[in-house]
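Biologist: I am new to this structure. Could you walk me through some of its features and the reasoning behind the words you use?

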Amino acid sequence: MAAFDRYNDGSQNAPRLQVQHSLWSLIKLPMNSDVEWTIPEKLAKVKAAGFEGVECWLNDQDEAERKAALDREGLRLTLGHHPHTLDDVKATVVRAKRLNADFVFAQPLNPFCPILEATQFLREARKIARDEGIALFVETHRNNIPESLNQALQLIDSMPEIRFTGDFSHFVVISEFYGLEYERAIERMMPVLARTSHLHGRISNGEQVQVDVGDGSGSTAQFFVQMWTAAMREWRKEAGPGDVFPFASELGPPRYAITLPDGKEFSDRWEQSLVMKRLAEQAWEQSSL
């Protein structure tokens, strides 16, 4: 396995799961409250719930405050960004190195970018990160490359070395997968699953990109557990000492979250984020079998 295809914490520990929380997912919490939790309150709750790190999209104005708050709770940092130019990539990689972030994930370009052009961009982006000792993964997400499974497969054909941040809620809603056997969803997704080094915990039912899954025991949630397990099992095949598989609970606020006509949420995203954590741990355990 080439260097920087996965996040490695520099230790000699056995390969392990690291469950993170998205800072974006904590917007407008607690549910339907007039008073939102402060950043210190949010991070304290994340730490108390057993998450090890937080995904942030930072800028020059907020990075010092956010990093200090993370450090107070002993939480690791991952950086996300939506680069349209290589200068965007360089700026985020420099920030990641300065703040000692674990790795970077990207929502690159736009879905109308030709695959060969995207390949050239992503090869250079990966080199920029690698030259600074940072792993960079490409997120499967609408409104960037790749936004669909078909685009991802084309990208793999032209760039087999690519590594993904898998947010498969997007592929499931675009392909209208319900998790039915005849769809062969996991089989079709295996080239992507085999190159996934980081997962986002959001669940689609094939129609809405983010749904409440109750306690996670139902077929919709377990379909995603099967996908996540397959990705983790592939990742484990070449994992070595210090390798870490990050999984981030990432449930978006409105408009991602479905709301009632009065604009109020009817799903408690904080409680659902704990379900995502538990499902990730279920998938990790199953991936060892």
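Modeller: Gladly! Let's begin with Arg-255, which sits in the loop between strand E9 (243–249) and helix H9 (269–287). Please keep in mind that this is a predicted model. The peptide bond leading from Pro-254 to Arg-255 is cis, and its omega is near 20°. Another cis peptide bond links Leu-29 and Pro-30, with omega about 5°. Most peptide bonds are trans.

Biologist: Thanks! Why does Lys-42 count as buried?

Modeller: Its relative accessibility is 5%, and buried means under 20%, so Lys-42 is called buried. Lys-42 belongs to helix H1 (residues 39–48). Leaving aside neighbours within four places in sequence, Lys-42 is in contact with Leu-26, Ile-27, Glu-36 and Trp-37.

Biologist: And what makes Tyr-178 partly exposed?

Modeller: Buried ends at 20% and exposed means over 50%. Tyr-178 has a relative accessible area of 43%, so the label is partly exposed. Together with Leu-180 and Tyr-182, Tyr-178 forms a nonpolar patch on the surface, with about 360 Å² of accessible area.

Biologist: What is notable about the phi of Glu-176?

Modeller: Glu-176 is not a glycine, yet its phi is positive, at about 55°. Most residues other than glycine have a negative phi. Glu-176 is found in the loop between H6 and H7. Asn-143 also has a positive phi, near 70°, and is a residue other than glycine.

Biologist: How do you know that Asn-143 is partly exposed?

Modeller: The relative accessible area of Asn-143 is 46%; partly exposed lies between the 20% and 50% limits, so Asn-143 fits that label.

Note on methods:
Residues numbered from 1 in each chain as written. Predicted model: local features only at pLDDT ≥ 70, side-chain atom pairs only at ≥ 80, totals over all residues. Heavy atoms only, no water. Helix = DSSP H or I, 4+ residues; strand = E, 2+ residues; numbered from the N terminus. Buried < 20%, exposed > 50% of the residue type's maximum accessible area, 1.4 Å probe, protein only. Contact = heavy atoms within 4.5 Å. Patch = residues over 30% accessible without salt bridge, like charges linked within 9 Å, V, L, I, M, F, W, Y side chains within 5 Å. Areas by Shrake-Rupley, 256 points an atom, 1.4 Å probe, with all protein chains shown as cover. Salt bridge = Lys/Arg side-chain N within 4 Å of Asp/Glu carboxyl O.
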